[in-house]
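Hello,

Here is the structure I promised to pass on to you. Please have a look at it first, and then read my notes below.

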Amino acid sequence: MFLKKLIFATNNKHKLDEVRAILANDFEVLSLEDIGCIVDIPETGTTLEENAKIKAQYVKNNYKFDCFADDTGLEVEALNNAPGVHSARYAGEDKDSQKNIEKLLSELKGKENRKARFRTVVALIIDDEEHCFEGEVRGVIANSCKGNSGFGYDPVFVPEGYDKTFAELSLETKNTISHRALAIDKLCKFLKNE
């Protein structure tokens, strides 16, 4: 089965742009707004996988569309893998990226170990079956913000093998190496084989 249209359970414009760029040749990706859903779906899970499944199931239950959803977390080794599942709300419920970064850099002050990884879990519901795909990229947390592109923690995350943060890399480069790109690539391969 080859789906030309896919519902991505997000209203995050940055995520949507990234995923649309990755899947542009194969699928038309519609957002929650495109299907008339303007609800901020509660992320009550304790893991990335649970949150991704909750969002996908919400769309399936309420709008009857097959869809996919993701949840992403930054896990910092020296902080016992925090912020993890709380990455978007690390500094508070308002999901302020700048405040999240400031809190992260403050927590890491004086720590030599700056190893971190970004993980994305994508949950797909298709034909009433659930499938999950994971992507991960390892790297380190920079001492300060660098770069103007990207979003979230991109200005402080330097992926392995690079000397620039995600926010300094082009979208094309980021979309070949990022956690989300790797998970979405697995999703795409699965859909093409269905």
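**What I found**

Asn-80 is exposed, with a relative accessible area of 72%. You will find Asn-80 in the loop between E3 and E4. Its phi is near 55 degrees, which is a positive value in a residue other than glycine. Please keep in mind as you read on that this is a predicted model.

Another residue with a positive phi is Asp-128, again a residue other than glycine, and here the angle is near 60 degrees. Asp-128 sits in the loop between strand E5 (115-126) and E6. With a relative accessible area of 66%, Asp-128 is exposed.

Just along the chain from Asn-80 there is a peptide bond to look at. Ala-82 and Pro-83 are joined by a cis peptide bond, with omega at about 0 degrees. Pro-83 itself belongs to strand E4.

**The whole protein**

Stepping back, the protein has five helices and seven strands. Along the sequence they come in the pattern β-α-β-α-β-β-α-β-β-β-α-α. The radius of gyration is 16 Å, close to the 16 Å that the globule rule gives for 194 residues, so the protein is as compact as a globular protein of that length. Taken along the principal axes, the C-alpha atoms fill a box of roughly 50 × 30 × 25 Å.

How much of the protein counts as buried? The figure is 47% of the 194 residues. The protein exposes about 9,800 Å², and carbon and sulfur atoms supply 46% of that area. As for contacts between residues at least 6 apart in sequence, 54% of them join residues at least 24 apart.

**Helix H3**

I spent some time on helix H3, which covers residues 97-107. Which of its residues are buried? They are Asn-100, Ile-101, Leu-104 and Leu-105. These residues cover an arc of only 130 degrees around the axis, which puts them on the same side of H3. The spacing fits a general rule: an α-helix has 3.6 residues a turn, so residues three or four places apart point the same way.

What do the buried residues of H3 pack against? Their partners are strand E3 (67-76), strand E4 (82-84) and strand E6 (129-141). E4 is also the strand in which Pro-83 is found.

Have a look at the start of H3 too. There, a side-chain oxygen of Asp-96 comes to within 2.9 Å of the backbone nitrogen of Gln-98.

**Two more loop residues**

Is Thr-10 buried or exposed? Thr-10 is buried, because its relative accessible area is 7% and the cut-off for buried is under 20%. Thr-10 is placed in the loop between strand E1 (5-8) and helix H1 (13-23). Leaving out residues up to four places away in sequence, Thr-10 touches Lys-15, Leu-16, Ser-31 and Leu-32.

Gly-36 is in the loop between strand E2 (28-30) and helix H2 (48-63). Gly-36 counts as exposed, because its relative accessibility is 53% and the cut-off for exposed is over 50%. If you would like a distance to try in your viewer, take Gly-36 and Phe-118: they are 82 residues apart in sequence, and their C-alpha atoms are 30 Å apart in space.

Best wishes

Conventions:
Residues are numbered from 1 along each chain as its sequence is written. This is a predicted model: local features need pLDDT of at least 70, side-chain atom pairs count only at pLDDT 80 or more; totals for chains, interfaces and linings use all residues. Side-chain values use heavy atoms; hydrogens and water are left out. Buried means under 20% relative accessible area, exposed over 50%, partly exposed in between (1.4 Å probe, protein chains only). Helices (H or I, at least four residues) and strands (E, at least two) are DSSP runs, numbered from the N terminus. The arc is that of the directions from the helix axis to the C-beta atoms. Contact means heavy atoms within 4.5 Å. A polar contact is a pair of N or O atoms within 3.5 Å; within protein, one must be able to donate a hydrogen and the other to accept it, and residues adjacent in sequence count only if both atoms are side-chain atoms. The radius of gyration is taken over C-alpha atoms; the globule rule is 2.2 Å times the number of residues to the power 0.38. Accessible areas come from the Shrake-Rupley method with a 1.4 Å probe; for residues, only the protein chains shown count as cover.
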